[in-house]
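Grab a pencil and work through these exercises with the structure open beside you. Try each task on your own before you read its solution.

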Amino acid sequence: MLVQKTMAELAEMLKNGETTSRKITEAYITEIEAKDAEINSFVHKSYDVAREMADASDARRANGAEFGKLDGIPVNLKDVVCSVEAPTTAASKMLQGFKSPYDATVWKRMKNAGMVLLGKVNTDEFTMGSSTGTSFYGITKNPHDLAYVSGGSSGGSAASVAANLSAASIGTDTGGSIRQPAHFCGITGLKPTYGRVSRFGMIPMASSLDCPGPMAKTAEDCALLLEVIAGKDEYDATSLPDEVPKYSEMIKKEIRGMRIGIPKEYFENLNDETRGILESAKQVLTDMGAVFTEISLPHTKYAPAVYYVLAPSEISANMSRYDGVRFGHKSEKATNLEEMYTFSRGEGLGDEVKRRIMTGTYALSAGYYDAYYKKAQKVRTLIKNDFDEVFKTVDVILSPVSPSSAFKIGEKTGNPLEMYQEDIFTIPSNLAGLPGIALPFGKSENGMPLGIQLLAPQLSEGILLQVGHQMQAFMKK
Amino acid sequence: MLTRQEVLHIAHLARIHLTEEEITLFQRDLSSILDWVSVLQEVDTENVPETSQVTGLQNVTRKGDEISVYGKEKELLAQSPNEIMDHQIRIPNIMD
């Protein structure tokens with residue numbers, strides 16, 4: 001079936017004339033209409049535009065004028081990536097009806113590569129969460145078992161790819177939001193180096209941490225998509241000027257001799273299943289010629305606390321733009337300017353968003369700034385230093401993505417701290433700006449997907465994609 | 001445990017109106033979050049510089065800042081939930 005193919009396979013079929021972009025697009029539309037009512041991954045559908053884009057792609061191809069390998073491939077975007085073709089609402093009441101007048105750089109580059117937009121997919125509200133449960137549109141269910149979460153915040157992205165409703169998706173990762181849902185849904189998700197992919201046109205959560213990235217069925221597909229979106233952007237002052245390598249070529253090299261480290265701190269408190277998965281992965285990689293060492297990341301246990309001071313602080317600044325003036329929800333009840341701000345924000349924003357804005361406001365306020373924000377920034381340096389030290393002796397780090405496989409819907413809604421602990425293995429790399437990839441690996445005893453994570457130094461996402469692709473090819477045999 | 005006053009002060013700084021229920025909810029939640037993150041106090045950060053960004057980039061400016069016509073003012077103004085008058089957004093009185 002067309003919808004089960006990878007982007008690499010679809011690109012080959014398009015090239016050989018075995019199918020058309022329109023046929024592929026219609027296949028996904030049919031599948032979305034059949035399956036998504038129960039999964040709830042798509043929050044805005046753009047079928048008419050998709051068909052137009054597909055037809056335009058087929059016309060280009062008929063004239064030998066394709067834009068590139070991925071011309072004509074249908075994808076979707078997390079609901080925080082601005083696109084002129086479909087609304088962008090950050091899965092929030094605050095932005096209901098918002099239609100961006102411009103495209104995010106990420107989407108613009110994908111359009112210039114000929115990709116087709118099926119729609120926007122679900123996320124936790126303003127990407128704040130680890131389950132997609134804080135979304136205004138309700139939770140996205142895990143396609144492997146609807147009683148379980150898809151993870152978050154890129155739950156819609158992960159679920160739609162896993163359920164064959166899209167060839168790929170663009171998610172965002174600030175504390176693990178690409179990698180954790182990829183792991184929960186059994187797909188591949190890459191968080192690139194901070195600054196590798198432009199954040200222009202992406203609704204911001206925490207500006208020193210946010211990373212847009214590809215989510216797809218395979219590492220090869222992620223490599224193809226990363227080639228399209230990565231690179232310096234004049235509109236994003238934090239985007240890295242370094243040249244973008246040909247990731248799809250880099251992945252073909254074998255990994256014999258690659259040095260892989262396993263952090264000993266990550267093994268404390270691991271459940272047997274997760275420990276077992278890491279052991280199996282280590283065995284596979286050893287069979288492929290990799291060499292393992294035990295390493296130490298001593299400040300690991302402080303990472304979640306650092307994150308939950310810094311991220312809310314940056315959130316409190318980024319969220320201040322939602323005031324009922326230039327866009328978004330405005331309260332009908334306001335009688336003066338102060339009320340326009342406080343009522344619009346009170347009505348338009350959900351609990352988790354408010355929780356984080358207020359945590360950040362407190363951490364940055366007079367009298368508390370040094371003890372919280374400044375302190376966290378210093379511990380962030382120590383966490384980054386841990387990685388710099390370790391990468392002197394290893395090329396890549398192997399770790400779990402998350403303490404376990406997907407949890408049941410409703411299981412972690414009582415206490416916010418429970419949800420915050422989910423991100424312990426992904427947060428450190430966000431703080432240090434490093435790339436990380438989640439690769440599907442094995443199954444939980446209840447049948448749910450499991451995965452492993454690889455981390456690498458800044459600007460080494462090529463190595464992650466290489467190891468990922470080589471592993472996926474090796475395990476296929 | 002944060003006092004009710006402190007919660008209201010934070011809410012005011014953040015310009016968010018809280019209902020009575022929310023004041024109680026967030027008083028509890030914020031207190032437990034702030035307790036949880038206070039573990040950072042045990043880390044020795046003497047002489048450790050802060051990391052506010054990880055790219056190492058400095059003074060990034062746009063090359064050749066040429067003036068061009070944006071052309072989408074109408075679309076941008078159309079996003080506002082307020083009345084538009086003379087290319088301006090009309091808002092309530094700032095001063096009484």
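The exercises below deal with a predicted model.

**Exercise 1. The interface**

Work out how much area chain A and chain B bury between them, and which residues of chain A supply the most.

*Solution.* Start with the total: chain A and chain B bury about 5300 Å² between them. Next, look at the atoms behind that figure, and you'll find that 67% of the area is on carbon and sulfur atoms. Now pick out the top three on one side: Pro101(A), Met358(A) and Lys375(A) supply 12% of the area that chain A buries against chain B, more than any other three residues. To finish, count who takes part in the contact: 67 residues come from chain A and 52 residues from chain B.

**Exercise 2. Polar links across the interface**

Find how many salt bridges and polar contacts join chain A and chain B, then say which elements of chain A sit on that side.

*Solution.* First, the salt bridges: there are 4 between the two chains. One to look up is the pair Lys354(A) and Glu22(B), whose side chains meet with N to O at 2.8 Å. That fits the rule, which asks for a distance within 4 Å. Second, the polar contacts: 20 residue pairs qualify across the interface, both residues being at pLDDT 80 or more. Third, the elements: α10 (303-318), α11 (337-348), α12 (351-364), α13 (370-390), α14 (416-421) and α15 (427-432) of chain A each give two or more residues to the side that touches chain B. Of these, α13(A) gives the most, with 12 residues. Last, sort the chain A side by residue type, and you get 33 nonpolar, 18 polar and 16 charged.

**Exercise 3. A helix under the microscope**

Check whether the length of α12(A) agrees with the expected span, and find out what covers its buried residues.

*Solution.* Step one is the span. α12(A) has 14 residues, and at 1.5 Å a residue they should span 20 Å. The end C-alpha atoms of α12(A) are 20 Å apart, so the two values agree. Step two is burial: 12 of the 14 residues are buried, so α12(A) is largely enclosed by the rest of the structure. Among the buried ones are Lys354(A), Met358(A) and Tyr362(A). Step three is the cover, which includes α10, α11, α13 and α14 of chain A together with α1 (4-13) and α2 (20-37) of chain B.

**Exercise 4. A serine in a loop**

Decide whether Ser92(A) is buried or exposed, and list its polar contacts.

*Solution.* Begin with the place: Ser92(A) lies in the loop between β2 (74-78) and α4 (105-112) of chain A. Its relative accessibility is 0%, so Ser92(A) counts as buried. Now follow the side chain of Ser92(A): it makes a polar contact with the side chain of Glu125(A) at 2.7 Å, and it reaches the backbone oxygen of Gly348(A) at 3.4 Å. Leaving aside residues up to four places away in sequence, Ser92(A) touches Glu125(A), Phe126(A), Phe136(A) and Gly348(A).

**Exercise 5. Backbone oddities**

Locate the cis peptide bond of Gly152(A) and Ser153(A), and the positive phi values of Asn40(A) and Leu459(A).

*Solution.* The cis bond joins Gly152(A) and Ser153(A), with omega about 10 degrees. Ser153(A) lies in the loop between β3 (116-121) and α5 (155-162) of chain A. Phi of Asn40(A) is near 65 degrees, and Asn40(A) lies in the loop between α2 (21-39) and β1 (42-45) of chain A. Phi of Leu459(A) is also near 65 degrees. Leu459(A) is found between β11 (449-455) and α16 (461-476) of chain A, and is partly exposed, at 33% relative accessible area.

Note on methods. Residues are numbered from 1 along each chain as its sequence is written. Chains are lettered from A and ligands numbered from 1 in the order in which they are written. This is a predicted model: local features need pLDDT of at least 70, side-chain atom pairs count only at pLDDT 80 or more; totals for chains, interfaces and linings use all residues. Side-chain values use heavy atoms; hydrogens and water are left out. Contact means heavy atoms within 4.5 Å. Buried area is the accessible area (1.4 Å probe) that two parts lose on being put together, summed over both. A polar contact is a pair of N or O atoms within 3.5 Å; within protein, one must be able to donate a hydrogen and the other to accept it, and residues adjacent in sequence count only if both atoms are side-chain atoms. Helices (H or I, at least four residues) and strands (E, at least two) are DSSP runs, numbered from the N terminus. Ala, Val, Leu, Ile, Met, Phe, Trp, Tyr, Cys and Pro count as nonpolar, Asp, Glu, Lys and Arg as charged, and the others, Gly among them, as polar. The expected span of a helix is 1.5 Å times one less than its number of residues. Buried means under 20% relative accessible area, exposed over 50%, partly exposed in between (1.4 Å probe, protein chains only).
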